[in-house]
Amino acid sequence: MLQNASAKRVYVETYGCQMNVSDGELMEGILAARGYTIVENPEEADVVLVNTCAIREHAERRVLGRVSQLNGLKRENPDLVIGVTGCMAQRMGDDLLEKAPFVDLVMGPDSYRSLPQAIRGLDDKPQERKQLAVLAFHSEENYKGLEQRRSEGPSAWLPIQRGCNHRCTFCIVPYVRGPEKNRGPRDIVEEVRGLVKDGVSELTLLGQTVNSYSSEGIDFPDLLREVARVHGIRRVRFTSPHPIDVTPRLVEVMAAEDAVCEQLHLPAQSGNNRTLRRMLRRYTVEQLLEKIEMVRDAIPDIALSTDIIVAFPGETEDEFQDTLELMHTVRFDDAFTYKYSLREGTPATRLPEEDFIPPDEAQARLEQLIDVSRRIQAEINQDEVGRIEEVLIEKCGRHKGQVLGRTRRNKVVVFDGDPTLIGEYRRIQLERTTGATFIGAERLGSVGAVGV
Ligand code: SAH
Ligand code: F3S
């Protein structure tokens, strides 16, 4: 069986969030462990997997277009297996197989362990092939023993939790990824040690509400402290925390552990209490502001980012203005901004029809919000020009002779340098800003002694 599989080449194309990128690496790891070869483009593949996102309608439409395009490859290679995995596969299930009859497999995020079996089943007799849907939830699936196939380099994503126990009324995630499941802390720390041996020094812990993590009596602050203390780990980040689980203990660990970066992504969603209540976010604006104050008191230099949704059904113009006010009050370093997108099956779809905000109005709110958040970002970044920061170089810049990296506070910096610098830490002075990113220059001196 292994021999048959070893001839097969697999191409995985991923859309969506970091969790999905990490799942893409997991699928590659599972298949590589069974002798499959991972290839970098679909033309070379016997199996093409499109790993999808369902968070907004726009994301799904893009994927449907791409899947039809990939179907063109079946003309050259009629035995090609096309699989759709991830959240959209879970959400649409059999519907997707009907809409796209050339898709051979749909598989949800809880079933990747059985990916090799599913593909083998489809491959055995291509002429008699039937479409296959693998959509069961496995609440006991903790991904134990499965290894991601990571790209080389100093940074790694590490899922510590899957699924979500919240029911934010706009969000599809709990329905496609099931309830919260946490990995065992020993497995996680063991994996971190292994990653260090492979050259990883920057780690991002992943979970839908990553800071609600709890397993075997270890909660998120405990785990964060342990991971931050693994020898060789220089930077730890985590995403996304839920505001209600930002506790004094968490903040204490963040402030005390040198490896934990001075950066926090804290999804606010709205700056209005009635909207937050109708979104079922479980905090008020006042509570959110208190949490932010607690974080800033302990870590004054922290960079904050957020997610905001505009035009949630029923959001009035005044309520939207409250969101703008929140932006002015907090002054986030960065904001990911979205128009509400209706997701079938979520509670918000049951709101009265007249509550749904016309697209042009939603667009106008989004543009106002983007404008405010960009202006604030540019002001903050302008004030930071002149600082000397430790930058981990990630890749080549857009222009030849330049490289791009991130500071501990997750700010992007571009500077003159050659590709041999990728993976290294350097001391960079921020010389200019475009608003969102910095242009810097290397300064001599030890990266261990980075200061302002
Ligand atoms: N807790 C998750 C949230 C995932 S969704 C995490 O780890 O980040 C990421 C962001 O997408 C959310 O914070 C929210 O701002 C946005 N989002 C989710 N559902 C949406 C919808 N139906 N319409 C518009 N934006 C949405
Ligand atoms: Fe979605 Fe809310 Fe969970 S945004 S992922 S339901 S915390």
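**Figure 1. Polar contacts of ligand 1 in the predicted model.** In this predicted model, a polar backbone atom of Phe-170 lies 3.0 Å from a nitrogen atom of ligand 1. A nitrogen atom of the ligand is also 2.5 Å from a backbone N or O atom of Gln-208, while the side chain of Asp-307 places an N or O atom 2.7 Å from an oxygen atom of ligand 1. The protein buries 86% of the 550 Å² that ligand 1 exposes when taken alone.

**Figure 2. The shell of residues around ligand 1.** Ligand 1 is surrounded by 14 residues, of which Gln-208, Ser-240, Gln-269, Asp-307 and Ser-341 are the closest. By class, this shell is made up of five nonpolar, five polar and four charged residues. Two strands, β15 (303–310) and β16 (334–339), each contribute at least two residues to the shell around ligand 1.

**Figure 3. The surroundings of ligand 2.** The residues around ligand 2 include three cysteines, Cys-164, Cys-168 and Cys-171, together with the histidines His-166 and His-242. Phe-170, Val-173, Pro-174, Gln-208, Thr-209 and Arg-281 also belong to these surroundings. Six nonpolar residues, four polar residues and one charged residue form the shell of ligand 2. Phe-170 and Gln-208, listed here around ligand 2, also appear in the contacts with ligand 1, where a polar backbone atom of Phe-170 and a backbone N or O atom of Gln-208 are involved.

**Figure 4. Helix α2 and its burial.** Helix α2 comprises the 16 residues 18–33, which at 1.5 Å a residue should span 22 Å, and this agrees with the 22 Å that separate its end C-alpha atoms. Because 12 of its 16 residues are buried, α2 is largely enclosed by the rest of the structure. Among the buried residues of the helix are Asp-23, Glu-25 and Glu-28, as well as Met-19, Leu-26, Met-27, Ile-30 and Leu-31. Just after α2, Gly-35 adopts a positive phi of about 95°.

**Figure 5. Asn-20 within helix α2.** Asn-20 lies in helix α2 and has a relative accessible area of 2%, so this residue counts as buried, for which the limit is under 20%. Along the chain, Asn-20 and Val-103 are 83 residues apart, and their C-alpha atoms are separated by 20 Å.

**Figure 6. Two assigned domains of the protein chain.** The domain assignment gives domain 1 as residues 5–134 and domain 2 as residues 388–442. The centres of domain 1 and domain 2, taken over C-alpha atoms, are separated by 36 Å.

Key
Residues are numbered from 1 along each chain as its sequence is written. Chains are lettered from A and ligands numbered from 1 in the order in which they are written. This is a predicted model: local features need pLDDT of at least 70, side-chain atom pairs count only at pLDDT 80 or more; totals for chains, interfaces and linings use all residues. Side-chain values use heavy atoms; hydrogens and water are left out. A residue is near a molecule or strand if one of its heavy atoms lies within 4 Å of it. A polar contact is a pair of N or O atoms within 3.5 Å; within protein, one must be able to donate a hydrogen and the other to accept it, and residues adjacent in sequence count only if both atoms are side-chain atoms. Accessible areas come from the Shrake-Rupley method with a 1.4 Å probe; for residues, only the protein chains shown count as cover. Helices (H or I, at least four residues) and strands (E, at least two) are DSSP runs, numbered from the N terminus. Ala, Val, Leu, Ile, Met, Phe, Trp, Tyr, Cys and Pro count as nonpolar, Asp, Glu, Lys and Arg as charged, and the others, Gly among them, as polar. The expected span of a helix is 1.5 Å times one less than its number of residues. Buried means under 20% relative accessible area, exposed over 50%, partly exposed in between (1.4 Å probe, protein chains only). Domain bounds come from an automatic or database domain assignment.
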